[in-house]
Amino acid sequence: MRKPTTRTWIWLTAAVVVVTGGAFYVDGHRVSAAPHADDPKCDKVISRLPDDIPGASRDWALGNAVASWGGQKAVFRCGAEELQPNVNLCVTADGVDWVLDEARLKRDGVSVLRTYGRSPAVEFTYSGPREEVGGILATLDPAVKWIPQERKCIGLDDAATAL
């Protein structure tokens, strides 16, 4: 049996480095899918997303019904759990209601918004400045707006008349 040469060890080491680096590269682009990402409407939603949002270009993202921009500074997941009525802040951008997870914003400083009254629901996570979220949502809304809205956010003043 021949003893491995120095050249063989160099090629073997290079191969291990390439495979390991590739695994880290792929893992760095992996985005966890939402629980209902297999909803057929999610394919249409993802295909309608823009290549750019204000301040960031779309990344290559690995995951079912997901997209990201700016090195995962912004992450979009279709098929999230639908929200039940709640008291969190609801903002409407171009006809789409988005509910802010206020607890996560306080705890982590991350803006996590989920559509309200649409099925499948969409979740958007943004780790940049909070002031930028409105413009980004306006950019994303055309991809989401075509999903029929079954319920709308209402304010406290409207709650008494809705009951």
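Two aromatic pairs turn up in a search of the whole structure, which is a predicted model. One pair, tryptophan 69 with phenylalanine 76, is edge-to-face. The other, phenylalanine 124 with tyrosine 126, is stacked. The backbone includes a cis peptide bond from serine 119 to proline 120.

**Aromatic pairs**
- A pair of aromatic rings is described by the distance of the centres and the angle of the planes.
- For tryptophan 69 and phenylalanine 76 the values are 6.5 Å centre to centre and 90 degrees between the planes; both residues are buried.
- Phenylalanine 124 and tyrosine 126 have their ring centres 6.2 Å apart, with 10 degrees between the planes.
- Phenylalanine 124 has a relative accessible area of 0% and is therefore buried.
- Tyrosine 126 is at 2% relative accessibility, so this residue also counts as buried.

**Charge over a ring**
- The face of tyrosine 116 has arginine 151 over it, at 4.8 Å from the ring centre.

**Backbone exceptions**
- Most residues other than glycine have a negative phi, and most peptide bonds are trans.
- Omega is near 10 degrees for the cis bond between serine 119 and proline 120, and proline 120 belongs to the loop between strand S7 (111-115) and strand S8 (121-126).
- Alanine 65 has a positive phi, near 60 degrees, and sits in the loop between strand S2 (56-57) and strand S3 (66-69).
- Because its relative accessibility is 8%, alanine 65 counts as buried.
- Aspartate 94 has a positive phi, near 55 degrees, in the loop that runs between strand S5 (90-93) and strand S6 (96-100).
- With 48% relative accessibility, aspartate 94 counts as partly exposed.

Note on methods
Residues are numbered from 1 along each chain as its sequence is written. This is a predicted model: local features need pLDDT of at least 70, side-chain atom pairs count only at pLDDT 80 or more; totals for chains, interfaces and linings use all residues. Side-chain values use heavy atoms; hydrogens and water are left out. Rings of Phe, Tyr and Trp (its six-membered ring) pair if their centres lie within 6.5 Å; planes under 30 degrees apart count as stacked, over 60 as edge-to-face and the rest as tilted. Buried means under 20% relative accessible area, exposed over 50%, partly exposed in between (1.4 Å probe, protein chains only). A charge sits over a ring if NZ of Lys or CZ of Arg is within 6 Å of the ring centre and within 35 degrees of the ring normal. Helices (H or I, at least four residues) and strands (E, at least two) are DSSP runs, numbered from the N terminus.
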